[in-house]
Amino acid sequence: MSDRINVTRSSMPELDEYVEEIRELWQTHWLTNMGSKHVELQEKLQEYLEVPSVELFTNGHMALELTVQAMKLEGEVITTPFTFASTTHAIIRNGLEPVFCDINERDFTIDASKIEGLITDRTSAILPVHVYGNICDVEEIERIAHKYHLKVLYDAAHAFGVRYKDRAVGQFGDASCFSFHATKVFNTIEGGACCYRDPALGRTLYQLKNFGIRDEETVEGVGANAKMNEFCAAMGLCNLKHLKENRERREKVVSYYRERLEGVKGLRLNSLQEGVYTNYAYFPIIIDEKKFGADRNEVQEALERENIGARKYFYPLTNTFDCFHGKYNVENTPMAKLISQRVLTLPLYADLDLRDVERICSIVIRCKR
Ligand SMILES: *Cc1c(COP(=O)(O)O)cnc(C)c1O
């Protein structure tokens with residue numbers, strides 16, 4: 001039997017390259033707390049992401065949770081349930097109330113035409129999610145935020161390196177948070193970052209990720225410990241060097257999938273957005289059981305029998321999680337509900353062999369009845 005194929009596989013540099021990058025740590029003995037690798041990665045990311053400022057974190061979730069805290073939001077935050085647990089948890093763990101907006105059918109991001117209807121006098125912010133490398137309707141969101149004086153924080157965990165109309169994705173909104181988890185397009189093993197505009201927000205973030213400490217004798221905020229360590233930063237410095245070639249290889253995989261699966265009755269592919277330079281982060285397909293003859297779960301099981309892991313990403317919706325005990329009504333987000341029942345994310349990573357892509361496509365097509 002051939003080796004298992006998972007939905008993703010972490011990008012890693014050559015071992016020698018990493019060893020070279022961490023060698024000096026054996027001289028300095030400086031392993032964390034904003035050491036030289038941390039500083040260097042921060043600078044390189046500012047350049048790469050074309051943003052004025054970046055703060056690094058131990059993971060994407062802490063970037064998001066502490067940014068929500070640093071923004072001093074109150075009351076309600078408009079967001080979507082078609083996301084990873086992290087987005088909703090970041091709101092609730094800050095004592096705020098998520099208000100779930102539906103997503104649009106085209107690109108699975110927040111349906112911007114439904115935001116205004118959800119704004120109340122308790123709304124303080126919008127926390128939209130870029131999904132699969134697709135980007136939200138940033139222009140409409142900006143217009144609404146401006147009109148109602150709301151803060152905008154993007155969950156950009158899926159959008160590392162994405163550009164829209166020649167602007168880098170991190171330039172939209174008040175802040176954007178990225179995840180550098182092992183499974184993401186760019187990884188630091190575990191890691192994350194926040195790009196922000198306001199220097200005061202940056203100072204708060206810097207303190208909050210280090211217990212709220214300002215200096216030796218002053219603790220100004222009730223912070224957490226969310227600093228990126230030197231080994232993770234070193235991994236990031238290595239992986240940054242291979243981003244371009246990795247993107248090209250991901251693009252080849254996506255083109256192959258599109259060629260083989262486009263036009264298959266009952267399947268809808270993630271369409272590329274106009275004006276968007278994507279990162280090819282994920283390859284979801286939407287399976288309409290009535291037309292295809294098999295449902296999403298059957299296709300997932302057929303792949304699993306061949307030792308191929310496809311994921312129901314995102315399912316279940318965050319507004320249906322057990323921990324919320326039925327507090328939110330999923331019928332308020334019907335499109336998110338429909339897509340989460342039909343979506344299946346196929347394996348996609350830089351060194352996925354095109355022969356395996358062919359095999360995956362044939363298994364999917366064989367499910368058709
Ligand atoms: C991965 C992810 C996160 C959280 O990132 P971690 O680095 O795993 O903490 C948040 N939001 C979305 C949409 C994600 O995919």
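Begin by selecting helix α12 (residues 334-342), which lies across β12, β14 and β15 and runs at about 50° to β15. Contact here means heavy atoms within 4.5 Å; axes are lines fitted to C-alpha atoms, for helices over the stretch in contact, and angles run from 0 to 180 degrees between N-to-C directions. Helices (H or I, at least four residues) and strands (E, at least two) are DSSP runs, numbered from the N terminus.

This is a predicted model, in which local features need pLDDT of at least 70 and side-chain atom pairs count only at pLDDT 80 or more, while totals for chains, interfaces and linings use all residues. Residues are numbered from 1 along each chain as its sequence is written, and side-chain values use heavy atoms, with hydrogens and water left out.

**The sheet beneath α12**

Keep α12 displayed and add helix α11 (residues 296-305), which lies across β14 and β15 at about 25° to β15. The open sheet itself is formed by 3 strands in the order β12-β14-β15, with antiparallel pairing; two strands pair if DSSP finds at least two bridges between them. Because β12 (267-269) and β15 (343-346) stand at the edges with a single partner strand each, one side of each is left without a neighbour in the sheet. From one strand to the next the twist averages 30°. To inspect one pairing, select β12 together with strand β14 (residues 283-287): the two run antiparallel and are joined by 3 bridges, and Leu 269 has Ile 285 in β14 as its bridge partner.

**Helix α9 against helix α13**

Next, select helix α9 (residues 243-261) and helix α13 (residues 354-366), whose axes lie 10 Å apart and which pack at an angle of about 30°. That angle makes α9 roughly parallel to α13, since angles under 35 degrees count as roughly parallel, over 145 as roughly antiparallel, 65 to 115 as roughly perpendicular and the rest as oblique. The crossing of α9 and α13 is right-handed, where a crossing is left-handed if the near helix is turned anticlockwise from the far one by less than a right angle, and right-handed if clockwise. Among the residues making the contact are Tyr 256 and Tyr 257 of α9 and Val 357 and Ile 360 of α13. By class, this contact has 10 nonpolar, 1 polar and 3 charged residues, with Ala, Val, Leu, Ile, Met, Phe, Trp, Tyr, Cys and Pro counted as nonpolar, Asp, Glu, Lys and Arg as charged, and the others, Gly among them, as polar.

**Helix α4 and its two partners**

Move to helix α4 (residues 60-70) and add helix α5 (residues 85-92): their axes come within 9 Å and cross at roughly 30°, so that α4 and α5 are roughly parallel to each other. His 61, Leu 64, Glu 65 and Val 68 in α4 meet Ser 86, Thr 87, His 89 and Ala 90 in α5, a contact with 3 nonpolar, 4 polar and 1 charged residues.

Then replace α5 with helix α7 (residues 199-208), which packs with α4 at an angle of about 125°, the axes being 9 Å apart; α4 and α7 are therefore oblique to each other. On the α4 side the contact is made by Leu 66, Thr 67, Gln 69 and Ala 70, and on the α7 side by Leu 201, Thr 204, Leu 205 and Leu 208. These residues divide into 5 nonpolar, 3 polar and no charged.

**A salt bridge to finish**

Finally, select Glu 24 and Lys 37, whose side chains meet in a salt bridge (3.2 Å, N to O), a term that requires a side-chain nitrogen of Lys or Arg within 4 Å of a carboxyl oxygen of Asp or Glu. Glu 24 sits in the loop between α1 (15-22) and α2 (25-28) and Lys 37 in helix α3 (residues 36-49), 13 residues apart. The structure holds 30 salt bridges.
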